[in-house]
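Here's a quick tour of a protein–DNA model, written for someone who likes to see the cut-offs. Have the viewer open as you read.

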Amino acid sequence: MGFSIATWNINSVRLRLPLVRSLLTDHAPDLLCLQETKCPNDAFPTADLKKLGYDHIAIHGQKGYHGVALISRLPLEDVQRRDYCEKGDTRHISAILPVAGRKIRVHNFYVPAGGDEPDPDVNPKFAHKLDFLQEMKALHSQAENAAGVSSILVGDLNIAPLETDVWSHKQLLKVVSHTPVETDGLKEVQAKGGWVDLMRQHIPEDEKIFTWWSYRARDWDASDRGRRLDHVWSSPDLSGSLSDVTVMREARGWERPSDHVPVFARFDF
DNA sequence: ATGGTGGTCCTACCA
């Protein structure tokens, strides 16, 4: 029995509904986790996605900004939407999926980008990002193990933690997403929660991985100044069943693309 | 060194 999951910052689900459709049709993950849907709940294209066989949809959206969604072929149980930092932002949703006789809670996150200035004293957006990370440290991958529930955490975490997660470690050390306070913070979230970085379990640390390329580059592909901002983590009990991780780089070259590409992970039980 | 592009939704804000 297998299970496949995809995570994708879509940067407007309504504008890019055709891309979401073709991803689901051509690659058919069991679960697609979207971030930055930028869509109020009453305007989410639920009916369109159900037509493709994704009967179980849980959304947490707001007008204009943020927004996360779970689009699933498998039932979604005990859906939770947590208000990190109590700002009313729609940045988290989770649910339990019955997978091959197991139970897996999937958390889908959109971590604040943090603005331009990496100083929490002068930039409230950066302070918010650090506060958000602090709150994430309380999330344990084995929190529901006693109830027989494993965990997966995916999403746009807006941090590239390793030197090989950016095109130039030295040039990005003072750039938000790769500053030491952020990369250390994310590693601490990972360590305290007992999370396994599945992308790095599958792809060696000396190999560069990017999931995001700025819209502002003249030629994103040629300059290749990317960052790994999107992540797939799991509780330790699932990591041995990981069979594949794929970063869909070609999606950045699609017409009217998101600046992030989908990341797929597959488990075989 | 600076500004480059793209999204939402009406004008500026966010990434």
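What follows covers the ground rules, the DNA contacts, one loop and the salt bridges.

## Ground rules

This is a predicted model, so local features need pLDDT of at least 70 and side-chain atom pairs count only at pLDDT 80 or more, while totals for chains, interfaces and linings use all residues. Residues are numbered from 1 along each chain as its sequence is written, chains are lettered from A and ligands numbered from 1 in the order in which they are written, and side-chain values use heavy atoms, with hydrogens and water left out.

## Around DNA strand B

Which residues come nearest to DNA strand B? Out of 15 residues around the strand, they are Ser 12, Arg 16, Lys 63, Arg 216 and Arg 256; "near" here means that a heavy atom of the residue lies within 4 Å of the strand. Of the DNA strand B atoms that come within 4 Å of the protein, 66% belong to sugar and phosphate. Sorted by class, that surface has seven charged, five nonpolar and three polar residues. The classes go like this: Ala, Val, Leu, Ile, Met, Phe, Trp, Tyr, Cys and Pro are nonpolar, Asp, Glu, Lys and Arg are charged, and the others, Gly among them, are polar.

Now for some polar contacts, that is, pairs of N or O atoms within 3.5 Å; within protein, one must be able to donate a hydrogen and the other to accept it, and residues adjacent in sequence count only if both atoms are side-chain atoms. The side chain of Ser 12 puts an N or O atom 2.5 Å from a phosphate oxygen of DNA strand B, and for Lys 125 the distance to a phosphate oxygen is 3.4 Å. Arg 216 goes for a base instead, with a side-chain N or O atom 2.6 Å from a base nitrogen.

## The loop between E1 and H1

Arg 16 sits in the loop between strand E1 (2-9) and helix H1 (17-27), where helices (H or I, at least four residues) and strands (E, at least two) are DSSP runs numbered from the N terminus. Arg 16 is buried but has no salt bridge, and the nearest side chain of opposite charge, Asp 259, is 6.3 Å away. Its side chain does reach the backbone oxygen of Asn 11, at 2.8 Å.

Asn 11 is in that loop too, and so is Ser 12. Neither is a glycine, yet phi is positive in both: near 50° for Asn 11 and about 95° for Ser 12. Asn 11 is buried at 12% relative accessible area, and Ser 12 is buried at 15%; buried means under 20%, exposed over 50%, and partly exposed in between (1.4 Å probe, protein chains only).

## Salt bridges

The model has 16 salt bridges, each a side-chain nitrogen of Lys or Arg within 4 Å of a carboxyl oxygen of Asp or Glu. One of them pairs Asp 48 with Arg 21 at 3.2 Å, N to O. This links helix H2 (residues 46-50) to helix H1 across 27 residues. Asp 48 is partly exposed at 24%, as is Arg 21 at 31%.

Are Glu 182 and Lys 129 buried or exposed? Glu 182 is buried at 0% relative accessible area, and Lys 129 is buried at 0% as well. Their salt bridge has its closest N and O atoms 2.6 Å apart, joining helix H5 (residues 180-193) to helix H3 (residues 124-136), 53 residues apart.

Note on methods. Lys and Arg count as positive and Asp and Glu as negative; His and the chain ends are not counted.
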